[in-house]
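Dear colleague,

I am handing over the structure below, and after it you will find my notes on what turned up when I went through it. Please read them with the structure open beside you.

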Amino acid sequence: MTLTAEFPTDHLTAPRRPAPWEAALARHAMACTLTIERREEFSASCRVLDLGRLQLFALRCPPLTAHRSARLIRRADPEVLHVWLTVRGAITLTQERRAVTATEGDLLVYDSSRPFTARCLSGARPDTASLVVQVPRVHLPLRSDLLDAASPAHVPGGTGTGALLRRHLEEMSRVATDHGAADASRLADAAVGLLVEVLSAPAGPAAGGCGDPPRHALLLTQVHRFIRDQLGDPGLTPGTIAAAHHISLRHLHKLFEPEHTTVAEHIRTSRLQRLRHDLADPALAERPFRQLAAHWGLTDPAHAGRIFRTAFGVTPGHHRRLSRTGPPVD
């Protein structure tokens with residue numbers, strides 16, 4: 001695990017503190033407009049830990065309001081889900097006309113692709129403290145509509161899988177930079193696995209799961225990691241996945257039932273999401289579509305083009321051009 005960045009403000013004079021802190025958050029997470037109640041007393045800090053698949057932010061700030069507008073989203077959208085654990089104080093977040101509140105020990109889930117307003121509220125102390133995990137949506141093995149429906153959501157941190165996720169985030173923050181890359185990857189996989197369990201709970205994220213997570217949670221996380229690592233292999237199939245994990249095809253398909261998708265659909269969706277990301281990457285602008293598609297196991301460019309258009313409503317070429325120019329900003 002590596003410490004990507006740390007940006008306290010106390011070394012600056014009070015009037016100069018808010019602007020660089022706001023800019024640092026925009027650079028490492030997502031852009032928001034901050035309204036600070038007492039700017040002349042502003043004191044905040046943020047530590048960013050990189051675990052490969054996800055980033056963990058340890059935040060401390062005074063009461064403030066953060067607004068992410070449609071305009072900011074059009075300018076840049078990292079397409080991530082945030083899992084916010086309130087350590088001290090409280091947060092109220094409104095997104096899609098739904099307001100959710102997390103007090104100390106509880107969690108919120110929200111995404112970067114839709115406007116929201118969040119208010120950080122202090123209690124007895126003059127500031128708030130939080131742990132925030134940033135997970136790219138592409139790394140969550142759930143359909144987009146299920147992820148959309150899960151945001152925003154309040155997750156109780158005292159019971160069930162919500163409590164396991166809370167304790168895991170607290171432990172990740174405590175161990176900080178003591179772990180190497182391999183350990184960081186395992187910690188990230190475990191966090192993603194717990195988050196998937198929370199989001200796919202039968203009663204919804206607000207239930208935080210019931211009792212202990214299913215025994216297959218670890219196996220499912222291992223399967224998802226295997227799929228991610230082998231995604232560029234055209235021979236990746238449900239059969240090869242089942243064989244690699246010494247389970248039957250029937251067992252593999254049952255693992256995926258709570259995720260409301262099939263194994264084959266998950267592989268196809270994951271490949272298309274990676275391809276979509278690569279087409280929008282300026283560093284890959286000179287790479288032909290067939291090469292990018294083949295890199296993710298889609299060896300028939302005509303077929304890849306058809307399923308890309310079906311999935312995203314635009315041709316690969318149109319998506320690439322749109323990504324270069326970007327939609328107009330008001």
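A search of the whole structure, which is a predicted model, turns up three aromatic pairs. In one of them, the ring centres of W21 and F42 are 5.7 Å apart and their planes stand at 65 degrees, and because an angle over 60 degrees counts as edge-to-face, this pair is placed in that class. W21 belongs to helix 1 (residues 18–28), while F42 sits in the loop between strand 2 (33–36) and strand 3 (45–50), so the pair ties together parts that lie 21 residues apart in sequence. Both W21 and F42 are buried.

For the wider setting, the protein chain contains twelve helices and twelve strands, and of its 330 residues, 50% count as buried. If one takes the contacts between residues at least 6 apart in sequence, 72% of them join residues that are at least 24 apart. The chain exposes about 15800 Å², and carbon and sulfur atoms supply 54% of that area.

One strand residue that I followed in some detail is R119, which is found in strand 10 (residues 116–121). Its relative accessibility is 41%, and since this value falls between the 20% limit for buried and the 50% limit for exposed, R119 counts as partly exposed. Leaving out residues up to four places away in sequence, R119 touches E37, L64, T65, A90, I91 and T92. The C-alpha atoms of R119 and P63 are separated by 7.4 Å, although these two residues are 56 residues apart along the chain.

Further along the chain, I looked at helix 8 and the loop that leads to it. In helix 8 (residues 249–256), the buried residues are L252, L255 and F256. Seen down the axis of the helix, these buried residues fall within an arc of 95 degrees, and therefore they line one face of helix 8.

H245 has its place in the loop between helix 7 (238–244) and helix 8. Is H245 buried or exposed? With a relative accessible area of 17%, H245 is buried, because the limit for that class is under 20%. Setting aside its neighbours within four places in sequence, H245 is in contact with L219, Q222, V223 and F226.

With best regards

Note on methods
Residues are numbered from 1 along each chain as its sequence is written. This is a predicted model: local features need pLDDT of at least 70, side-chain atom pairs count only at pLDDT 80 or more; totals for chains, interfaces and linings use all residues. Side-chain values use heavy atoms; hydrogens and water are left out. Helices (H or I, at least four residues) and strands (E, at least two) are DSSP runs, numbered from the N terminus. Buried means under 20% relative accessible area, exposed over 50%, partly exposed in between (1.4 Å probe, protein chains only). Contact means heavy atoms within 4.5 Å. Rings of Phe, Tyr and Trp (its six-membered ring) pair if their centres lie within 6.5 Å; planes under 30 degrees apart count as stacked, over 60 as edge-to-face and the rest as tilted. The arc is that of the directions from the helix axis to the C-beta atoms. Accessible areas come from the Shrake-Rupley method with a 1.4 Å probe; for residues, only the protein chains shown count as cover.
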